[in-house]
Amino acid sequence: MSASDSDVTVVVASYNHERFAEQALEAVAAQTCQPRLIVTDDGSGDESVAVIQSALDRLGLAATTIFHARNRGLCATFNEALASVETPFVAFISADDWMAPTRVEKHRQALIAAGDDTALVYGDMHVHDDSGSLMGLWSSVWAPASVMGIEGRRYHELLNSNFIGTAAVMMRTRCVRAVGGYDERLPFEDLDMWLRLAKDYRIAYAEEPLVHYRVHSASMTNSSNPATDGAWLRAMLRITGRLVPMDSNAWDIAHRMV
């Protein structure tokens with residue numbers, strides 16, 4: 001493994017992904033720039049762990065494995081994986097998604113080219129259904145026009161729209177640690193992390209879609225309605241509370257409302 005091959009860690013995170021985990025790991029094995037690998041499973045109720053172990057053996061992939069006996073939550077799992085990362089760059093991807101063979105190489109190159117004050121690079125994603133059939137493209141055109149092809153601090157744009165997909169992000173490990181890692185009180189990890197990084201660092205955009213993102217009945221994208229989900233609303237209150245701090249009475253009133 002060359003120096004350039006060993007400065008990226010990919011974290012593949014599984015939760016009830018026995019149908020998809022093998023494809024995700026095959027995509028890691030096919031990378032033109034081989035990363036270090038951490039594979040997590042957060043207390044799956046299916047055969048995900050057995051599928052992962054079998055695939056790692058078959059593919060000859062060396063990996064650090066973090067398997068929970070019970071579910072601890074996505075942010076806690078990500079923090080545990082982050083503590084094991086020894087490389088300057090890290091990418092987190094769910095085991096129901098997969099990557100194009102050049103994903104690690106090209107996102108690594110883009111992050112280096114963007115400079116040391118850039119915390120992350122994000123790209124577009126192909127979107128697939130449960131069976132893997134292509135549905136469309138998760139594109140930056142969903143974001144405000146000012147984001148298109150422009151690199152910089154995207155904090156205010158992210159306040160209006162979370163246009164960054166976790167599966168298509170590569171980050172500088174030191175930046176993620178500098179902002180305190182993931183907030184384990186939250187049920188989802190993405191927007192909170194992007195906002196905290198965007199306040200202090202630049203963000204780079206790599207237009208080419210190099211990640212395949214799967215939408216299915218068990219995925220977080222489809223599992224809640226933001227308009228009625230109390231946990232989602234409480235999480236958004238906590239995130240926005242960092243932006244406009246509220247006193248304890250205001251927090252009590254806000255939580256009773258949701």
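Start by selecting R196 and D192: they sit 4 residues apart in helix α7, so about one helical turn separates them. Their side chains meet in a salt bridge, 2.9 Å from N to O. Colour by accessibility and R196 comes out as buried, because its relative accessibility is 15%, while D192 is buried at 2%. Before moving on, add E22, E26 and R58 to the selection, since salt bridges that share partners join these residues into one network. One thing to keep in mind throughout the tour: this is a predicted model.

**Zoom out to the whole chain**

Now show the cartoon for everything. The protein chain has 10 helices and 9 strands. Of its 258 residues, 51% count as buried. Switch on the surface and you are looking at about 11,700 Å² of exposed area, with carbon and sulfur atoms supplying 51% of it. If you draw the contacts between residues at least 6 apart in sequence, 77% of them join residues at least 24 apart.

**Next stop: D7**

Select D7, in the segment before β1. Is D7 buried or exposed? With a relative accessible area of 14%, D7 is buried. Leaving aside residues up to four places away in sequence, D7 touches T87, P88, F89 and R108. Display the side chains of D7 and R108 to see a salt bridge, where the closest N and O atoms are 2.9 Å apart. D7 lies in the segment before β1 and R108 in helix α4 (residues 103-114), so this pair ties together parts that are 101 residues apart in sequence. Both partners, D7 and R108, are buried.

For a second pair, select E86 and R36, which form a salt bridge with the closest N and O atoms 3.3 Å apart. E86 belongs to the loop between α3 and β4 and R36 to strand β2, so the pair ties together parts that are 50 residues apart in sequence. Here E86 counts as exposed, at 67% relative accessibility, and R36 as partly exposed, at 34%. A search of the whole structure finds 10 salt bridges.

**Helix α3 and its cover**

Select residues 74-84, which make up helix α3. Its buried residues are C75, A76, T77, F78, N79, A81 and L82. What covers these buried residues of α3? Among the elements to display are β1 (8-14), β2 (36-42), β3 (64-68), β4 (89-94) and α6 (173-178).

**The aromatic rings**

Keep F78 on screen and add F92 and Y182: ring pairs link these residues into a cluster. The structure has 5 aromatic pairs in total. In the pair of F92 and Y182, the ring centres are 5.7 Å apart and the planes stand at 80°, so the arrangement is edge-to-face. This pair links distant parts of the chain, with F92 in strand β4 and Y182 in the loop between α6 and α7 (190-200), 90 residues apart. F92 counts as buried at 2% relative accessibility, and Y182 is buried too, with a relative accessible area of 6%.

**Last stop: the cysteines**

Finish by selecting C33 and C175. C33 counts as buried, at 5% relative accessibility, and C175 counts as buried at 0%. How many disulfides does the structure hold? The number is 0. With C33 still selected, bring back D7: their C-alpha atoms are separated by 9.8 Å, though the two residues are 26 residues apart along the chain.

Methods. Residues are numbered from 1 along each chain as its sequence is written. This is a predicted model: local features need pLDDT of at least 70, side-chain atom pairs count only at pLDDT 80 or more; totals for chains, interfaces and linings use all residues. Side-chain values use heavy atoms; hydrogens and water are left out. Buried means under 20% relative accessible area, exposed over 50%, partly exposed in between (1.4 Å probe, protein chains only). Helices (H or I, at least four residues) and strands (E, at least two) are DSSP runs, numbered from the N terminus. Contact means heavy atoms within 4.5 Å. A disulfide is a pair of cysteine sulfur atoms within 2.5 Å. Rings of Phe, Tyr and Trp (its six-membered ring) pair if their centres lie within 6.5 Å; planes under 30 degrees apart count as stacked, over 60 as edge-to-face and the rest as tilted. Accessible areas come from the Shrake-Rupley method with a 1.4 Å probe; for residues, only the protein chains shown count as cover. A salt bridge is a side-chain nitrogen of Lys or Arg within 4 Å of a carboxyl oxygen of Asp or Glu.
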